[in-house]
Amino acid sequence: MKLNKNDFTGTGKVYSFTLTQYAKSKANLIAMAIMMLLVLVSVPLLIFFKGSPAANLKTTNLEKVYVLNETQYPLLLEQAAQQNSLLADVVFVYADFPAENYAAHLNANDAFLHLYKANNSYVIDAYPSKTSALSDGEISQASSVISFLFNEARFRGMGATEEQFAVVISGYSSNVASVDDYLNPNQALGMDARFLIQYVYAILVMMLCMTSSIYIIRTIIEEKSSKLVELLMISIKPLAMITGKILAVMTYVFCMIIGLGACFLISFWVTGFFADVSIIREMLISLGLTSALLNISWFTLVIILVSLLLGYMTFSLISGITGTSCSSMEDVNSASQLTTMIVMSGYMISIIAVAFENTTVTLITSLFPIVAIFCAPVAYVCGNITFTILVLSWLLQALTVAFLAWFCAKIYRDLLMHKGSRVQFKELLSMAKTSELSAKGGK
Amino acid sequence: MSLIVSNLTKKYDEKIVVDNLSFEMKKPGVYALLGTNGAGKTTAIRMMLDMLSRDGGEVLWNNQPLDTATCNVGYLAEERGLYPKYSLMDQLIYFARLRDVPTAEAKKRISAWAERLEVTEYLYPTYSDGSLFTPAGKRAGFSFGSKRRKVIPPKKADQLSKGNQQKIQFMTALISDPELIILDEPLSGLDPINTDLFRTIIRDEIAKGKYLIMSSHQMATVEEFCTDLTILDRSKVVLQGNLNEIKKSYGRVNLTLKVEQDISKYINTAAVDLVAEKEFEYQLKVSGEEQANKLLAMLIANQISIITFDLREPSLHEIFVKVVGESNEAK
């Protein structure tokens, strides 16, 4: 069966009609509005429930800190306020009451710190007042200052100089790396970051493909069960019908994703006027994800877009075939089962494969068509495969799409006219064979 | 223009469902495709329109394979449908645009057809008092202190009666002003008033010089319009040709006789078959004109007052039943 230009005549009309009807559908509009609303409130809610990070406090309501020191090291409390500019106006005094009576001496904006020795280590317990309006972050800041003064007192007690003390308190960090990481320090991300990227991207692909498949299957079955197929088939070729629908659903779903992304950015930007939103950036940094590591550029975005498009085309064609093999709306679930199963398999394999941290596994999952949709772009962004391998992966995926389109073209007309129970895979192959014969002989 | 269907064949596994169907339409008019249930009429139509793959044969329109590109076809399918939840106007414009009718022209045609088929109120918004909504009317209807008229949106397909849905489907078939119109059971499910409305439209399309292929079980309707026909029985052609010639070949054998008294004894004497009798109106089956004349002479001789003496060829219904019956007996 040869494809020609006429097979796609009318695609644009199907596309615009389907898209317009999606946009006009009240159910779709309500669903979209609810999703956008949820995304818009997500950042303020996150800030509200998570609270501002201690390191990013700009003001404090803390007024007085009572310190009960039960160690042998005297603290230089008069220097406490100088240790943290945020606490410059806070008064640090020794408590002249026992720990169990602290509550009676504290006002709403006061805190009580109890420093003592337990077994072989020292402990600082921090308590706000019963009517406290202070955040954990504010009390934590005060506790850090006392901790610093206590360390200084200990080293001073052992006769250390200021310089020696400075050397002792200087920070350090530790990294665990593989031999590959050591030899190519700038090439790959850490395991946690890679896992997170893979996880987030796989969820994005899964959502895109599953949402699109359900839309495509529903649209096709709706048309078939409305007995409109014959009326349509005298005006356009079956391939133009399915292509128009797939493109319309693609536009709708991509617009939905872009819209939700825009809502998140708006929410982030607007919330920034009222609250400290750096917590979100810090959350990513704490997971090892920084813009420098991800190297997000227009090129990366193009790579993600091309990969998503190929993934979308693959799953939408599979959905097109499974949707057309059904005749009534009752079959929607059974039709979407196959696509869901394939999408879920791809998702699971991609997540498991990351855990292997093996070059061969990464290469195979980046090249094998269905799984590659989930794995290849992440592997490239994380520096696990070269650009050549990525292009090879795209080519293999494009070939899969071409094969599915060819298979679709062979059976789609007969499938559209099929009525009754759902067509099984064996029957699909038989249809393709019959179509080949009629193409050679009958027509 | 001409339509040539030659050796159209369809098999499902080893079962033949359409067996070498061939016919031609060399001039405008109505060609009837008749047959029992499951004879293969709809399958033949679907093959002609390239909806089903063929196991043999070809369909030519002006000596070119019949295709959406070569012929403007209007089709009213046996299984009728509309998008249940979409606006009817959107659907009609969509179907028109698929047939390359520009949107502005489509709107004009929809308006004209809606008026003719009396479905305007289902396609356009109306006021609560039933009058059609217009933006100008909305402005004019508004004044302070007066009660504003409520605008009612047009209905969706699933809110229409079956007959009104059929009218919309008929519009979709004719919206592109097609050269070849294929109507599969066009009048089934319609009330007498709408049946007459559809018949008038079909007559007008014939007058415009369109080529029509009609498949129906309502023989009286087919007989009214068709010039040529094919009768299918269990995938095979059992009768084909020009309707008048087919009728002539059967001779004038149907006699309707209305008199003022009982003539049973004369009917028996003349050895004529009595089909039905009601208040001295007799439906008789004669072997030919000679037998009918013999009965007429007998009645006159016995001074029987004759109100009606009508000798006719068999109806299409009778021909159909006879041909299919003979075909079944042969099998």
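**View 1. The open four-stranded sheet of chain B in the predicted model**. The strands of this open sheet follow the order β2-β1-β4-β5 in chain B, and their pairing is antiparallel. The edges are occupied by β2 (15-25) and β5 (64-65) of chain B. Each of these two strands has a single partner strand, so one side of each is left without a neighbour in the sheet. Strands of a sheet pair through backbone hydrogen bonds, in either a parallel or an antiparallel arrangement.

**View 2. The pairing of β4(B) with the edge strand β5(B)**. Strand β4 of chain B spans residues 56-61 and pairs with β5(B) over two bridges, in the antiparallel sense. Within this view, P65(B) of β5(B) is the residue that stands opposite L60(B).

**View 3. The contact between chain B and chain A**. Chain A contributes 21 residues to the contact, and chain B contributes 26. On the side of chain B that touches chain A, β6 (73-76) and α2 (88-98) of chain B each supply at least two residues. Of the elements on that side, α2(B) gives the most, with four residues. By residue class, the side of chain B that touches chain A comprises 14 nonpolar, five polar and seven charged residues.

**View 4. The buried residues of helix α15 in chain A**. Helix α15 of chain A runs over residues 359-367, and T362(A), T365(A) and S366(A) are buried in it. These residues cover an arc of only 100° around the axis, which puts them on the same side of α15(A). The packing partners of the buried residues of α15(A) are three helices of chain A, namely α14 (332-356), α16 (369-381) and α17 (387-417).

**View 5. The two domains of chain A**. Domain 1 of chain A is assigned to residues 5-50 + 188-440, and domain 2 to residues 56-169. Between the C-alpha centres of domain 1 of chain A and domain 2 of chain A, the distance is 55 Å. The secondary structure of chain A consists of 18 helices and four strands. Chain A has 443 residues, of which 33% count as buried. Among the contacts in chain A with a separation of 6 or more, 79% are accounted for by residues 24 or more positions apart. Helix α15(A), shown in View 4 with residues 359-367, belongs to the second segment of domain 1, residues 188-440.

Methods. Residues are numbered from 1 along each chain as its sequence is written. Chains are lettered from A and ligands numbered from 1 in the order in which they are written. This is a predicted model: local features need pLDDT of at least 70, side-chain atom pairs count only at pLDDT 80 or more; totals for chains, interfaces and linings use all residues. A residue is buried if 20 or more other C-beta atoms lie within 10 Å of its own, exposed if 12 or fewer, and partly exposed in between; C-beta atoms are placed from the backbone. The arc is that of the directions from the helix axis to the C-beta atoms. Two residues are in contact if their C-beta atoms, placed from the backbone, lie within 7 Å. Two strands pair if DSSP finds at least two bridges between them. Ala, Val, Leu, Ile, Met, Phe, Trp, Tyr, Cys and Pro count as nonpolar, Asp, Glu, Lys and Arg as charged, and the others, Gly among them, as polar. Domain bounds come from an automatic or database domain assignment.
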